[in-house]
Amino acid sequence: MSAGHGFLHRPGDSPVHRLAPQVKIVAAVVAVLCVVATPREAFWAFGAYLLALAAVWAVARVPVRWFAARSVIEAPFVLLALLLPVTGGGGRVDLLGLSVSAEGTMAGWNILVKGTLGLLTSLTLAATTAPQDLLLGLQRLRTPSVLITIATLMLRYAEVIVGEAKRMRVARISRGDDPRFLWQLGATARGVGSLFIRSYERGERVHLAMVSRGWTGRMPDAAGAGGAEGAAPVEPRRSAPALVVEQLAYAYPDGHQALFGVNLRVERGERVAVLGPNGAGKTTFALHLNGVLGGGSGRVEVAGLPVEKAHLKEIRRRVGVVFQDPDDQLFLPTARQDVAFGPANFGLRGAELDERVARALAAVGMADFADRSPLHLSGGQRRRVALATVLACDPEILVLDEPSANLEPVARRELAEVLLGLDRTMLMVTHDLPYALQLCPRSVLIDGGVVVADGPTRELLADTGLLARHRLELPFGFHLG
């Protein structure tokens, strides 16, 4: 079960769960509007609203404690509501031996009761309706596509962040921390700060993944069901190499110089591993190949087409980047929608788009999982779907950043079989030297922002002195045959 689903959605088979999502959305909106419009003095009406919600919970078989645990988000508003009677102006009255503001008391009551009922109504909708069904309901209600897209990204991002928070909490508890104790408040606060930083970094990586698949700031409708047609693709020069990089240098805005002059030429159909220690500039180099990063010096050409601003859309169609963490690349509710995102950005629609998506999922062995949430998949399955999101764009060059990272042996082997079956020019950024040997006949070694070695993979890996000088080594027990 996904992190997001486990926090806000409580699966079930009750009559409430089975209601059409658009009916529940309309009912929730009407209920909230009624609560907001009710005069604060109509105490009986608010009691009736709460009884109606409790009846829905009983039918849906969702316990009250489930809602109580998720209502803590309202704590700041509750505090404000409790302070208003004390701090409010106007006439004063005695309440339980305290002198309180009559107007402040009513204002606090108004905030407390309407905010609580609104929150409980929203939680009831979320508890009984899966996120993908909520989006489907919005579509059936003809909600503007831009709002559906924003809701989609928010739901997906929330799932990832909640999962991150749960992993951080487990890590803390495993080292003797107990968030229930007051003296651990400092560690909890630091954890929240760390989560904020991780959330920012995650958002930045997701943005890079979106840009690499042709996103320009305007989402295609429902991840591929509308929008402006893309321009006709530029025909590649068949006589030109797949990739030419000359004297590529790049410094980040903080002044860190990552590349000092990389030179590389890759012919069509070659599979080349890009090796190097951490901080060598490998990922920075890879992000230049389809223009995700730019602004440095030097020249990059893809099939004779310069990687320049005027050609970025076509470059990103030709060069597909598969990021190291599949969660950065999978941000829509289902695998099918994620796979459709890229080709939709490049102008595909209708039956042609459906066929492209089906073909890409079939190529990685994930056709049976098209309508599953990516967070319901294993690590190896998510990585294969991430690969499909790029294959659906029909790139000429496939760039893979650490494709074997965090994969169990079986998933690692299955991914290798998929990659070996692809007829594409391929660059694989990796620390996994045996994987490089298995998949790539040729390797280049980058260190210090330059290419320090280029040759057959087996010869480079046999040079133990070269590997040692650049902080690389074969795994213990691995021998070149």
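The end C-alpha atoms of residues 66-86 sit 32 Å apart, over a span that is 81% helix and 0% strand; helices here are DSSP runs of H or I with at least four residues, strands are runs of E with at least two, and both are numbered from the N terminus. That stretch is one of the two that the unreviewed UniProt entry annotates as "transmembrane region", the other being residues 43-60. UniProt positions follow the numbering used here, feature names are shortened, and such annotations may be inferred rather than shown by experiment. Over residues 43-60 the chain comes out as 100% helix and 0% strand, with 26 Å between the end C-alpha atoms.

A word on the ground rules: this is a predicted model, where local features need pLDDT of at least 70 and side-chain atom pairs count only at pLDDT 80 or more, while totals for chains, interfaces and linings use all residues. Residues are numbered from 1 along each chain as its sequence is written, and side-chain values use heavy atoms, with hydrogens and water left out.

Taken as a whole, the protein chain has 20 helices and twelve strands. Of its 481 residues, 47% are buried (under 20% relative accessible area with a 1.4 Å probe, protein chains only; exposed is over 50%, and partly exposed is in between). Looking at contacts (heavy atoms within 4.5 Å) between residues at least 6 apart in sequence, 70% join residues at least 24 apart.

Back to residues 43-60, which make up helix H4, home to both Phe 46 and Tyr 49; these two are three residues apart, about one turn of the helix. The structure holds six aromatic pairs. In the case of Phe 46 and Tyr 49, the ring centres are 6.2 Å apart and the planes make an angle of 70°, so the pair counts as edge-to-face. The cut-offs work like this: rings of Phe, Tyr and Trp (its six-membered ring) pair if their centres lie within 6.5 Å, and planes under 30 degrees apart are stacked, over 60 edge-to-face, and the rest tilted. Phe 46 is buried at 3% relative accessible area, whereas Tyr 49 is partly exposed at 26%. Both belong to one aromatic cluster with Phe 43 and Trp 109.

Trp 109 of that cluster leads on to the helix packing. Helix H3 (residues 21-37) and helix H7 (residues 102-128) have axes that come within 9 Å and cross at roughly 175°. Axes are lines fitted to C-alpha atoms, for helices over the stretch in contact, with angles from 0 to 180 degrees between N-to-C directions. H3 and H7 are therefore roughly antiparallel (over 145 degrees; under 35 is roughly parallel, 65 to 115 roughly perpendicular and the rest oblique). On the H3 side the contacts involve Lys 24, Ile 25, Ala 28, Ala 31, Val 32, Val 35 and Val 36, which meet Lys 114, Leu 117, Gly 118, Thr 121, Leu 125 and Thr 128 in H7. Val 36 is itself exposed, at 52% relative accessible area. Its C-alpha lies 9.7 Å from that of Val 113, with the two positions 77 residues apart in sequence numbering.

Then there are the sheets. Six strands build an open sheet in the order E8-E9-E10-E5-E11-E12, with mixed pairing; two strands pair if DSSP finds at least two bridges between them. Strands E8 (319-322) and E12 (450-456) are the edges, each pairing on one side only. On average, neighbouring strands of this sheet are turned by 20° against each other, direction ignored.

Strand E5 (residues 271-275) has four of its five residues buried, so the rest of the structure largely encloses it. E5 runs parallel to strand E10 (residues 425-429), joined by four bridges, and four bridges also link E5 to strand E11 (residues 442-447), again in parallel. Val 274 has Val 429 as its bridge partner in E10 and stands opposite Val 444 in E11. Arg 271 is partnered by Met 426 in E10. Helix H16 (residues 379-391) lies across E8 and strand E9 (397-401), at about 165° to E8.

An open sheet of four strands has the order E4-E3-E6-E7, with antiparallel pairing. Strands E4 (257-266) and E7 (305-306) are at its edges with a single partner strand each, so one side of each has no neighbour in the sheet. Strand E3 (residues 243-251) and strand E6 (residues 297-302) run antiparallel with five bridges, and Leu 243 stands opposite Val 302 in E6.
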